[in-house]
Amino acid sequence: MPSDVTVFGLGGMGGALAAALLKKGYRTTIWNRTAAKAAPLVEKGAELVTSLKAGFEASNFLVFCVLENNIVHEMLNENLSSLSGKIILNTTNGTSQQARDLSSFVSGHGGQYIHGAIMAVPAQIGTEDAFLLYSGPPELFASIQERVTALGGAKYVGLDPGLASLHDSALLSGLLGLFSGFIHSSALISSQPGETATGFMDSYIKFTTSMSDYLRALAEQIDTGHFTALGSTLGIYGSALKNICEVTESQGVSSELLKPLEALVEKAVEAGYGNSEISALTKLLRR
């Protein structure tokens, strides 16, 4: 009996995807270059194949989760005769253009392609804390939606195969911005004897969480192109950044995480945005 799905790549994330599918009762075939990683999944009922060809032939629904998209392309290229009629779900992290190129490649050989971006860590896969973004033909997403909900919440973002990767990059850039702010503030507060990062967390989380509605207002400004100050202006932010960097350096902490923002704000003020909201910085970032 054919498998419901073949999962290629059993790293931390790929293994979690396969485990979640098995937990929901889907007949799951697995492949990995290092077969030893498959043992825990085989114990849960997965069928291990040792060749790519066998993995392609085991199911019409093929899920890829490997290190890079060029590896996905190589795997597909080695099995061109097996692509016709297959549904390819590629969850490998990469760029929007890579997703579009892979979609064209698969379609050109008789297959169907949809791209998935995983917004979760492996431990969250299969739980309500995980969600995945999908882009590609809407009818194709509809045909796999029931199966992929085994992995977590499923959000379809559009026809362009590159959209899931674009959303992924935008979300991760926001997360990394959050992390960089956290790293800087933690280094700053813990530079003072008697102060700790953990002791600072309640204040930090309360303050940053309270800004969520403010972000929605800034998003509306970005969409409309109207940057009327809602509170502080870029001129005020510029002065604040200068003071923060001075305090940071005086505490023996590098301000290198803040310097690029300080420079961009200064550039915006010089360009005439000194009385505008911080959302006006998008005008300088867009080329």
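**Exercise 1.** In this predicted model, find which residue of strand 7 stands opposite M119.

Solution. Begin with the two strands concerned: strand 6 covers residues 112-119 and strand 7 covers residues 131-135. They run antiparallel and are joined by 5 bridges. Then look across from M119: the residue opposite in strand 7 is F131.

**Exercise 2.** Give the order of the strands in the open sheet, and explain why strand 3 and strand 8 each have one side without a neighbour.

Solution. The sheet is built from 8 strands with mixed pairing, and their order is 3-2-1-4-5-6-7-8. Strand 3 (47-48) and strand 8 (153-158) lie at the edges. Each has a single partner strand, so one side of each has no neighbour in the sheet.

Next, add the helix that packs on this sheet. Helix 7, residues 163-189, touches strand 6, strand 7 and strand 8. The direction of helix 7 makes about 140° with that of strand 7.

**Exercise 3.** Describe how helix 10 and helix 11 pack, and sort their contact residues by class.

Solution. Step one is the geometry. Helix 10 (residues 234-250) packs against helix 11 (residues 259-273) at an angle of about 150°, and the axes are 9 Å apart. Angles over 145 degrees count as roughly antiparallel, so helix 10 is roughly antiparallel to helix 11. The crossing of helix 10 and helix 11 is left-handed.

Step two is the contact. Helix 10 contributes L234, G235, Y237, G238, L241, K242 and C245. Helix 11 contributes K259, L261, E262, V265, A268, V269 and Y273.

Step three is the sorting: the contact of helix 10 with helix 11 has 9 nonpolar, 2 polar and 3 charged residues.

Terms used. Residues are numbered from 1 along each chain as its sequence is written. This is a predicted model: local features need pLDDT of at least 70, side-chain atom pairs count only at pLDDT 80 or more; totals for chains, interfaces and linings use all residues. Side-chain values use heavy atoms; hydrogens and water are left out. Two strands pair if DSSP finds at least two bridges between them. Helices (H or I, at least four residues) and strands (E, at least two) are DSSP runs, numbered from the N terminus. Contact means heavy atoms within 4.5 Å. Axes are lines fitted to C-alpha atoms, for helices over the stretch in contact, and angles run from 0 to 180 degrees between N-to-C directions. Angles under 35 degrees count as roughly parallel, over 145 as roughly antiparallel, 65 to 115 as roughly perpendicular and the rest as oblique. A crossing is left-handed if the near helix is turned anticlockwise from the far one by less than a right angle, and right-handed if clockwise. Ala, Val, Leu, Ile, Met, Phe, Trp, Tyr, Cys and Pro count as nonpolar, Asp, Glu, Lys and Arg as charged, and the others, Gly among them, as polar.
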